[in-house]
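Q: I've got a model open and I'd like to learn how to read one of its helices. Can you walk me through it?

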Amino acid sequence: MMHYRVGLGQDLHRLVEGRPFVLAGLEIPASKGELAHSDGDVLAHAVCDALLGASGLGDIGQLYPPSDPKYKDADSMLLLGDVWNLVRKAGWHLVNLDAVIICEKPKILEYRDKIRANLATCLNVDIDQVFLKAKTNEGCDEIGRQGAVAANVVCLLN
Ligand code: MG
């Protein structure tokens, strides 16, 4: 019998001036970027947690504590590669992964295929196994005031 597991990952980072805006390792031109101990790659972090949740192997805060100076300005796509190695070693394969980015600015959709390609390359899967949507928060709350960006990710493993 084939076993399937779903995973859910969510993340949010504040947006501040003087930081790069990074999604899945892609730096997107923007007036503000994610504030974080690491590079603040909100999408990479949410993907890590979705994969870890589906496989029951922990969560990103546990494996890569922000209190550890080793992860200062860490490249989160390297962490994602590391997470994926753990998950694969436990015997799991990716069926698909679906993500939603929520922010007012910058506009994300013109970068969709580059972001999908970055994730697919990191996970060594086909690009059609990875999808991405982007929404605004219609001006509501801190995301709507351009003060934060959030990512929601689900994945299916077998
Ligand atoms: Mg994060």
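A: Sure, and keep in mind that this is a predicted model. Start with burial: 13 of the 14 residues of α1 are buried, so the rest of the structure largely encloses α1.

Q: What end-to-end span should α1 have, and what does the model give?
A: Take 1.5 Å a residue: the 14 residues of α1, residues 42-55, should then span 20 Å. The end C-alpha atoms of α1 are 20 Å apart, which agrees. Just after α1, G56 takes a positive phi of about 70°.

Q: How do I describe the way two helices pack?
A: Generally, you give the angle between their axes and the distance between the axes. Here, the axes of α1 and α3 (residues 76-89) come within 9 Å and cross at roughly 10°. Angles under 35 degrees count as roughly parallel, so α1 is roughly parallel to α3.

Q: Which residues of α1 and α3 meet?
A: On the α1 side, they include H45, V47, L51 and L52; on the α3 side, M77, L80, V83 and W84 are among them. By type, the residues of this contact divide into 11 nonpolar, three polar and no charged.

Q: Which residues coordinate the magnesium ion?
A: The donors are D11 (OD), H13 (NE2) and H45 (ND1), at 2.1 to 2.2 Å. Their spacing in sequence is D-x1-H-x31-H. The pair D11 and H45 links distant parts of the chain: D11 sits in strand β1 (residues 5-17) and H45 in helix α1, 34 residues apart.

Q: Is H45 buried or exposed?
A: Buried means under 20% relative accessible area; H45 has 8% relative accessibility, so H45 counts as buried.

Technical notes. Residues numbered from 1 in each chain as written. Predicted model: local features only at pLDDT ≥ 70, side-chain atom pairs only at ≥ 80, totals over all residues. Heavy atoms only, no water. Helix = DSSP H or I, 4+ residues; strand = E, 2+ residues; numbered from the N terminus. Expected span 1.5 Å × (residues − 1). Buried < 20%, exposed > 50% of the residue type's maximum accessible area, 1.4 Å probe, protein only. Donors = N, O, S within 2.8 Å, 3.2 Å for Na, K, Ca; no water. Axes fitted to C-alpha atoms, helices over the stretch in contact; angles between N-to-C directions. Parallel < 35°, antiparallel > 145°, perpendicular 65-115°, else oblique. Contact = heavy atoms within 4.5 Å. Nonpolar A, V, L, I, M, F, W, Y, C, P; charged D, E, K, R; others polar.
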